[in-house]
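Colleague: Before I rely on any of the labels in your description, I would like to hear the reasoning behind them, one label at a time. Could we go through them with the structure in view?

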Amino acid sequence: MLIKIFDGVKDPRKIDQCTYELGDLLAVAFLTYLTKREEYSDMALFARHQARDFGLFPYTDKSPSSDTFERLFAVLKTEFLEQAVLELSLIHISEPTRPY
């Protein structure tokens, strides 16, 4: 579910030169932020020690470095992220409420 939030985000990278999927990197950034951390080094630590607990990076035994996150966010357009979150919010709002 978490990675699906970022499915609509346009990947600005040269895909054939990328080791990590955009959704996985954005999920790590988001989860790191939820732990009140914002630095690229924090994202790299989270990726190395906790990302696989969330099912991220199943296609590699490597983990992204802080430089990977820095390069990504240098080229990523925030409006794509904002649109993805907005669309998720609209989907969530339109779902019927389930009684408990």
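Modeller: Let us begin with T32, which has its place in helix α2; please keep in mind throughout that this is a predicted model.

Colleague: Why is T32 called buried?

Modeller: The relative accessible area of T32 is 1%, and buried means under 20%, so T32 is buried. Leaving aside its neighbours within four places in sequence, T32 is in contact with R37, D42, M43 and F46.

Colleague: F30 has its place in helix α2 as well, so what makes F30 count as partly exposed?

Modeller: Its relative accessibility is 36%, and partly exposed is the class between under 20% and over 50%, which means that F30 counts as partly exposed. Together with Y33 and L34, F30 makes a nonpolar surface patch of about 330 Å².

Colleague: How do you know that the buried residues of helix α4 lie on the same side of that helix?

Modeller: The buried residues of α4, which spans residues 66–75, are T68, F69 and L72. They cover an arc of only 95 degrees around the axis, and therefore they are on the same side of α4. As a general matter, an α-helix has 3.6 residues a turn, so residues three or four places apart point the same way. The face of α4 turned away from this buried side carries the exposed residues R71 and A74, while the cover over the buried residues includes α2 and α3.

Colleague: What is D67, which is also found in helix α4, called in terms of exposure, and why?

Modeller: D67 has a relative accessible area of 43%, and because this value falls between the 20% and 50% limits, D67 is called partly exposed. From C-alpha to C-alpha, D67 and S41 are 8.3 Å apart in space, although 26 residues separate them in sequence.

Colleague: What makes the pair D11 and R13 a salt bridge?

Modeller: The closest N and O atoms of D11 and R13 are 2.8 Å apart, and since the cut-off is within 4 Å, the pair is called a salt bridge. A search of the whole structure finds one salt bridge. D11 is partly exposed at 22%, whereas R13 counts as buried at 18%, because the limit for buried is under 20%.

Colleague: Which helix has the lowest mean pLDDT, and which the highest?

Modeller: Among the elements of the chain, helix α5 (residues 78–94) has the lowest mean, 66, and helix α3 (residues 40–49) the highest, 97. The chain averages a pLDDT of 85, with 82% of the residues scoring at least 70.

Definitions and conventions:
Residues are numbered from 1 along each chain as its sequence is written. This is a predicted model: local features need pLDDT of at least 70, side-chain atom pairs count only at pLDDT 80 or more; totals for chains, interfaces and linings use all residues. Side-chain values use heavy atoms; hydrogens and water are left out. pLDDT is the predictor's confidence in each residue, from 0 to 100. Helices (H or I, at least four residues) and strands (E, at least two) are DSSP runs, numbered from the N terminus. Buried means under 20% relative accessible area, exposed over 50%, partly exposed in between (1.4 Å probe, protein chains only). The arc is that of the directions from the helix axis to the C-beta atoms. Contact means heavy atoms within 4.5 Å. Patches are made of residues with over 30% relative accessible area and no salt bridge: like charges are joined within 9 Å, nonpolar side chains (Val, Leu, Ile, Met, Phe, Trp, Tyr) within 5 Å. Accessible areas come from the Shrake-Rupley method with a 1.4 Å probe; for residues, only the protein chains shown count as cover. A salt bridge is a side-chain nitrogen of Lys or Arg within 4 Å of a carboxyl oxygen of Asp or Glu.
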